[in-house]
Amino acid sequence: MKNKKVKLLSLMLALVLVLTACGGNAPANNGAANNGGNEAAETTSDSGDKKILRTNNSSEPGSLDPALATGTHESWILEHTFQGLMQYNDAGEIVEGAAESYEISEDGLTYTFTLKDGLTWSNGDPVVAGDFEYAWKRVCDPDLAADYSYQIADYVVGGQEALDGEGSLDDIGVKALDDKTLEVQLKSATPYFLGLTAFYTLYPVPSEIVKENPDWAKDPNTTELVSNGAFKVTKWDHNDKIVLEKNENYLYADEVKLDGIELDIIEDQNTAYSKYQAGEYDLLVSPPTAVIAEGLAQENEELIIGDDIGTYYFEFNTEKQPFNNAKVRQAFSMALNRKVIVENVTQGGQPVATGMVPYGLLDDTGADFAESQGELIKEDLEGAKALLEEGLAEENMTIDDLQKVVLSYNTDENHRKIAEAVQEMWKQGLGVEIGLENMEFQVLLDNRSEGNFNIARAGWMGDYADPNTMLDIFMSKNPHNDSRYANEEFDALMAKAKSSSDPKERMDAMKEAEKILMEDLPIIPVYFYNQARLEKPYLTGVYKNILSYPTMIYADLEK
């Protein structure tokens with residue numbers, strides 16, 4: 001993955017210059033990205049002679065326990081405080097992290113990892129293979145109820161049986177052969193398994209500490225949150241600030257130039273941008289829409305557009321009328337003009353979604369998976385009206401019954417503008433006037449998980465570089481299947497893709513599965529993500545791969 005400075009994005013710039021007259025939706029702010037505030041930043045970014053990078057996390061984490069984290073508002077912290085067996089480098093390549101090396105058996109079913117010498121936890125205790133074994137088995141403990149349990153249970157021998165309460169955690173195919181050697185037995189060959197080991201759910205935890213204190217990760221203000229990454233959490237003022245300090249026990253601590261990172265927790269993007277302008281932040285992820293659009297137009301060199309593997313969408317609760325009816329769901333999707341949304345609302349150069357799988361993931365031939373699928377989403381207002389009428393008749397409902405429908409989204413200027421645009425499109429195109437409701441991000445996640453919604457904003461960022469990461473969340477038993485979608489044919493195709501070692505068979509199965517998903521439409525894909533950020537000129541060493549937020553581990557404040 002390559003981050004692209006705006007001055008090099010001539011095509012995108014030309015596009016935005018045309019679009020800025022059309023409107024907007026996404027993070028909104030009337031301010032313009034500029035170079036102001038640098039003088040103030042020079043006095044606030046350092047505490048004495050310490051180098052402290054300051055930025056904003058945007059949402060309060062639900063948990064900083066790798067097994068229980070579920071979103072980017074948590075993973076951004078974890079990626080700086082923990083290290084998995086493998087990791088992604090600045091070129092987006094999967095490379096060794098805590099592992100010194102690995103071996104894969106000829107049949108692809110056995111992975112043997114050897115840990116690096118000298119690995120320690122932030123408290124000085126050694127990191128051993130048993131910490132990985134304990135962490136992975138813990139994720140499959142049904143009593144823990146980890147949302148990402150399937151990232152192990154779906155692949156590792158005995159994982160699903162333990163999760164279902166039909167087997168023992170001891171029988172899961174993860175075993176520390178000694179302090180430095182971890183052996184993993186897979187159910188079937190999984191080409192993207194190394195990428196999975198870089199995902200935060202598979203990070204190690206300090207086993208002895210977690211056994212003694214299950215709440216070890218809840219309050220670093222009173223209990224040390226022990227970790228094995230470049231930084232450690234030393235303070236967490238809930239809904240206010242998270243403070244990271246350099247972990248001097250990190251194996252490569254000599255290469256870490258920052259003394260710490262401070263992250264405010266501010267949901268309002270305008271407020272966060274004002275702090276960046278005032279020099280209180282050195283870095284700001286996802287600035288307001290107007291800032292991005294104007295920054296593109298003015299070729300502001302502080303604005304960087306990074307690639308992402310992710311899709312912005314709305315999901316239906318398919319257990320509630322009338323969204324249990326596919327025709328009604330199809331009508332709502334077909335009535336959206338996605339081009340208007342990305343050109344007039346988000347204004348950040350995002351590609352219109354053509355399906356659920358975004359650009360950037362390859363199929364068995366080396367071609368882009370999304371490009372090979374073509375346009376899987378239809379937009380047809382007249383057809384949408386006819387389908388809505390048919391679907392409502394089948395449910396013995398009328399347009400009037402839809403006036404109580406509410407679209408839920410988390411507090412964010414971008415999401416509000418998109419929701420308002422969608423609301424207006426459905427009103428003008430279908431004669432359906434829905435309500436809007438905003439809430440904190442964690443509240444939205446909880447409501448979606450509990451089925452407490454009609455239509456909800458959602459987004460999915462890939463966990464590893466394979467199309468499976470964008471599709472398996474819609475399998476009927478997946479914990480992230482908040483829409484309660486169930487299709488036996490889809491499940492069977494995805495199961496084939498997971499179990500097959502034949503690349504063509506895998507990809508063909510996923511291509512057919514995505515087509516079924518886009519016919520049933522339990523979700524409405526809107527656009528494929530990219531990610532804009534602002535960086536002060538003196539900030540160096542930050543990079544972003546396609547699967548995560550910006551990496552600040554090797555950043556420096558050069559003044």
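**Entry 1: strand 14 and its neighbours**

I started with the pairing of strand 14 and strand 17 (residues 455–461), which runs in the antiparallel sense over seven bridges. I looked up one contact there: Gly 310 has Met 461 in strand 17 as its bridge partner. Note to self: this is a predicted model.

Next I checked strand 18 (residues 523–535), which pairs with strand 14 over 10 bridges, again in the antiparallel sense. Here I picked out Leu 303, whose bridge partner in strand 18 is Leu 534.

How much of strand 14 (residues 303–316) is covered? I found 13 of its 14 residues buried, so I wrote it down as mostly covered, buried being under 20% relative accessible area.

**Entry 2: aromatic pairs**

I then went through the rings, and the count came to 26 aromatic pairs. I took Tyr 102 and Phe 113 for a closer look: their centres are 6.3 Å apart and their planes stand at 45 degrees, so I logged the pair as tilted. Which strands hold these two residues? Tyr 102 lies in strand 6 (residues 99–104) and Phe 113 in strand 7 (residues 110–115), so this pair ties together parts 11 residues apart in sequence.

Is each ring residue buried or exposed? Tyr 102 has a relative accessible area of 31%, so I put it down as partly exposed. Phe 113 comes out at 0% and counts as buried.

I also pulled up Tyr 312 and Phe 314, an edge-to-face pair with 6.0 Å centre to centre and 85 degrees between the planes. Both Tyr 312 and Phe 314 are buried.

Back at Tyr 102, I followed the ring pairs outward and got a cluster: Tyr 102, Tyr 111, Phe 113, Trp 136 and Phe 193 are linked in it.

**Entry 3: helix 4**

Trp 136 from that cluster sent me to helix 4 (residues 129–139). I found nine of the 11 residues of helix 4 buried, so it is mostly covered too, with the cut-off at under 20% relative accessible area. Trp 136 is one of the buried ones, and I noted that the list also includes charged-type names such as Asp 131, Glu 133, Lys 137 and Arg 138. Ala 129, Phe 132, Ala 135 and Val 139 complete it.

**Entry 4: charges over rings**

Last, I looked for lysines sitting over rings. The charged end of Lys 536 is over the ring of Tyr 276, 4.0 Å from its centre. I also have Lys 511 over the face of Phe 369, at 5.8 Å from the ring centre.

Technical notes: Residues numbered from 1 in each chain as written. Predicted model: local features only at pLDDT ≥ 70, side-chain atom pairs only at ≥ 80, totals over all residues. Heavy atoms only, no water. Buried < 20%, exposed > 50% of the residue type's maximum accessible area, 1.4 Å probe, protein only. Helix = DSSP H or I, 4+ residues; strand = E, 2+ residues; numbered from the N terminus. Phe/Tyr/Trp six-rings, centres within 6.5 Å; stacked < 30°, edge-to-face > 60°. Lys NZ or Arg CZ within 6 Å of the ring centre and 35° of its normal. Pairing = 2+ DSSP bridges.
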